[in-house]
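Student: Pick one helix and take me through it closely. Then follow its surroundings outward, and finish with a few single sites elsewhere.

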Amino acid sequence: MSSPDTHALLDRRGFLRVAALAGGGLSLAFLIDGSPLLAADEAKPAGAENFRPNGYLTISPDGTVTILSKNPDLGQGIKTTLPLIIAEELCADWKRVVVEQAPLNPALYGWQGAGGSTSVPSNYDNMRRAGAVARTLLVSAAAAEFGVPESECRAESGEVIHDITGRRLGFGALASKAATLPVPDAKTVVLKDRKDFSLLGRRVGGVDNKAVVTGALCYGIDVSLPGILYAAFVRCPAFGGKVKAANLDALRARPGVRKVFIVEGTGRDDELAAGVAIVADSTHLALSAADEAEITWDEDKACKDSWSGFAAKAAALSGEAGKEYQKSGDAKAALASAAKIIEASYTYPFVAHATMEPQNCTAHFSEGGLEIWTTSQNPGSGQDLVAKVLGIAKDKVRVHIIRGGGGFGRRLMNDYMAEAAFIAREAGVPIKLIHSRESDMTHDFYRAGGFHHLRGGIDGKGRLSGWTQHFVTFGQGGKDSRGAGMGAELFPLVVLPDRSVGKTLLPLGVPTGYWRAPGSCATAWVLESFLHELSAAAGRDHVEFLLELLGEPRWLPPANSGALHTGRSAGVIRLAAQKSGWGTPLPAGRGRGIAFHFCHQGYFAIVAEVTVGADRKLSVDRVVAVGDVGPIMNRSGAENQVEGSIVDGLSTLWLQAITFEEGRVQETNFQDYGLLRMAKAPRIETHFIESEYPPTGLGEPALPPLTPAVCNAIFAATGERVRTLPLVKAGFKA
Amino acid sequence: MPTLLLQVNGQKHEVTDVAPDTPLLWVLRDTLKLTGTKFGCGIEQCGVCTVHVDGVATRSCNYPVSQAVGKQVVTIEGLAGKDGTLHPLQQAWIDHDVAQCGYCQPGQIMQAAALLQRNPQATEAELMRGMSGNLCRCGTYKRIRDAITSAQAQLQSKGGAS
């Protein structure tokens, strides 16, 4: 497999160690990725004490293959995908593979997280090598048993077969012997040819599917321990407020309430906020008591932000350029020579994560330390936080990774871990903290809203000539609030010869965080809507306009891990145009829009087809998505991520906005913060260009182009340009 | 507090120490440890807490446990046959690889099961209307729709044969 890629992930050294299991069988420990700890170890001479495996594979004498999955799964399907990669190279019988969730142990496993669509690209190569080493050992063991050359044996579906004599032995029968053989070098072990893959690229169901449909799967909220009590935690409606006084005694007098106390907090929302903790005999009693809490808050230092205030400030900045932070060529001169200039301002709101499973966490503090069960996407940093908040050593915090009911970036923050840990220590018994939907929605780490003022030029030949952009976002001291920035090398900015992008940061008290495809999820809408404004003003076909901007196949910028390849970009745009019937006529009231985006190393073009009826009744009829993320690991899981991204994108652009007044979030539950309903979900067609580049992740990159594709389609249908989200506030009815 | 006699998944339970106005959801989850029924919104807006009460799809988050006395409650744990044979909807959910995070899926399946039980010939429009109170944050609607349609076909062919 040859690829022109400059960012290959294939050159890392794999470490493996094989051991015989006490009861027979084979255990293979291996290294998945290069964490700093591991890099340091590589410099030392090899020795047992230096070996820090981060993956485990065992083969029992009965032929069962058990694979530990190290990263949290919140619905992105990584618990299926990573083991599938090992199983492919192992030539395992997937039906005999059992997958188990590994507990948190960064010293052993390296980073255990779910974020940035990184799990596949950072693990693919070494997982393959681990599987291939185990397979090579099993083949060697079989060859010795059969008394034939290894070259005459092959592994298939859990067996090693000697075709000439027709003899075959199962992995289980071979495992004990294989464990005694010298381990081949993972770096040079022979990998399968992609055309011989029998698992990767096929449709494989999620490993937890049966547990999901029978209600047996244990989510964070389902964790139970002997003697467990249930906790609620009431935080100040205005971020950063502290407790002045509360009706503690009245709350304590309620039936089933065991403990009520004030938590001072650390003064930071991303650590431990201040509030009142209630511990009770049941979730219902704890949440009902929380509803009856009468708390006087000290809001001296609390957030006073209002969304309308920010909108007014941003509007007042429309004539300014902001502090320039991206530049190429001479945007001013290009605009001065343009035949036509288009100006527009775009606004998108704050949004919440609204994971279906509200934030919760179970913890038990005892003399030995703290044991905690969490759905965190970043449990290692949660462990650090808990140790810090409790003032105990990190090795006294034992973390169990539990399946989460959705993440989308919310669970990259670990506030609920700090709360549960603190409450558990005070309570002296195991507690399960559960936030109500209202508590969860009004204390999220929101995707920041933003404001963009743009000017773009069109020259006499209908080509783009100059682009200036003033991005009004949030932050302080030159630093963007968490997740509130815009990627520096986003399309089309990265291809524009004459651009100037400036930024103004507004100080913000509302906590923000990472929301699916941070830096892209909203800015892609601005960039690719405005691009369409320009092509429309030039009277150009938008596909042709996009392809002209991309130009010849090349990397932009060169030699950068986040670089965009213009050829791959053009590839997904062309295929999306073809599959969607781009350019074919549609009846009146219907329109088609296309948008392209590159982020998280994934290329996606989306064509949306909409109908806008009387009374601005909107229907998104059809969405065609084309992605290039290299070879597909699990086609079913991959398509599911794309379909989900499209529905998520549509929910968000159509229905969702978090607003705040006096530092208080106004939306509290699904009645005023909507999710798309089944009947409004579009027909979705997903296509992949399976290029020979290393595979990359799918948790995020399909989402950003959905929003501009839909808004460009609305423009095509109605001539009306959507410049403020969500659509429902512009009167587009579901 | 009075003792409440509940019938859940064909089993009798005597529940004490629970106020009659406690939502059925929390009795199922905290008292009976049947955690397949989920908590999502607490105000009947999302459907993840859907169970059957006398065959009717019911949002257990806002349904006082006292009202369930004398009725048959079925949760996701009780949908499969006694021998473990999955309900055709559960099997269809597996076959269509519907779930992402999976948290809403027990509620989706219970809602669909009640719909098909009451109206085996439901049209697609009727199904969409019937499912519109069940939210899926991961956006698996396309697969839910496909799974219901194939389970419906299977149920109809079974019904025709019997």
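Tutor: What follows starts at one helix and moves outward from there.

First, the conventions. Residues are numbered from 1 along each chain as its sequence is written, while chains are lettered from A and ligands numbered from 1 in the order in which they are written. This is a predicted model, in which local features need pLDDT of at least 70, side-chain atom pairs count only at pLDDT 80 or more, and totals for chains, interfaces and linings use all residues; side-chain values use heavy atoms, without hydrogens and water.

The helix is α15 of chain A, residues 542-550. Helices (H or I, at least four residues) and strands (E, at least two) are DSSP runs, numbered from the N terminus. The buried residues of α15(A) are A:His542, A:Val543, A:Phe545, A:Leu546, A:Leu549 and A:Leu550. Viewed down the axis of α15(A), these residues fall within an arc of 160 degrees, so they line one face of the helix. Buried means under 20% relative accessible area, exposed over 50%, and partly exposed in between (1.4 Å probe, protein chains only). The arc is that of the directions from the helix axis to the C-beta atoms.

What does that face pack against? The partners of the buried residues in α15(A) are three strands, β20 (450-458), β21 (464-476) and β26 (590-599), and three helices, α14 (523-537), α16 (566-580) and α18 (706-718), of chain A. Contact here means heavy atoms within 4.5 Å.

Now the ends. At the start of α15(A), a side-chain oxygen of A:Asp541 comes to within 3.1 Å of the backbone nitrogen of A:Val543. After α15(A) comes A:Gly551, with a positive phi near 65 degrees.

Move to one of the packing partners. A:His453 sits in strand β20 of chain A. With 10% relative accessibility, A:His453 counts as buried. Its side chain makes a polar contact of 2.7 Å with the side chain of A:Ser345. A polar contact is a pair of N or O atoms within 3.5 Å; within protein, one must be able to donate a hydrogen and the other to accept it, and residues adjacent in sequence count only if both atoms are side-chain atoms. Not counting residues up to four places away in sequence, A:His453 touches several others, including A:Ala314, A:Leu317, A:Ala344, A:Thr468 and A:His470. A:His453 and A:Glu343 are 110 residues apart along the chain, yet their C-alpha atoms are separated by 7.6 Å.

Next, the aromatics. Over all chains, the search finds 16 aromatic pairs. Rings of Phe, Tyr and Trp (its six-membered ring) pair if their centres lie within 6.5 Å; planes under 30 degrees apart count as stacked, over 60 as edge-to-face and the rest as tilted. One pair is A:Trp307 with A:Phe660: edge-to-face, 6.5 Å centre to centre, 75 degrees between the planes. A:Trp307 lies in helix α9 (residues 307-316) and A:Phe660 in strand β29 (residues 660-661), both of chain A, so the pair ties together parts 353 residues apart in sequence. A:Trp307 and A:Phe660 are both buried.

A second pair reaches β26. The rings of A:Phe491 and A:Phe596 have centres 5.2 Å apart and planes at 80 degrees, so this pair is edge-to-face. A:Phe491 is in the loop between β22 (479-480) and β23 (499-506), and A:Phe596 is in strand β26, 105 residues away in chain A. A:Phe491 counts as buried at 0% relative accessibility, and A:Phe596 at 1%.

There is also a cluster. A:Trp307, A:Phe310, A:Phe350, A:Phe451, A:Phe474 and A:Phe660 form one aromatic cluster.

Two sites elsewhere complete the tour. A:Glu419 lies in helix α12 (residues 415-427) of chain A. A:Glu419 is buried, at 2% relative accessible area. The side chains of A:Glu419 and A:His435 make a polar contact of 2.7 Å. Leaving aside neighbours within four places in sequence, A:Glu419 also touches A:Phe233, A:Arg235, A:Leu272 and A:Leu433.

In chain B, B:Arg59 belongs to strand β4 (residues 56-59). Is B:Arg59 buried or exposed? B:Arg59 is buried and has no salt bridge, with the nearest side chain of opposite charge, B:Glu44, 5.7 Å away. A salt bridge is a side-chain nitrogen of Lys or Arg within 4 Å of a carboxyl oxygen of Asp or Glu. Lys and Arg count as positive, Asp and Glu as negative; His and the chain ends are not counted. The side chain of B:Arg59 makes polar contacts with the side chains of B:Thr50 at 2.7 Å and B:Asn134 at 3.4 Å.
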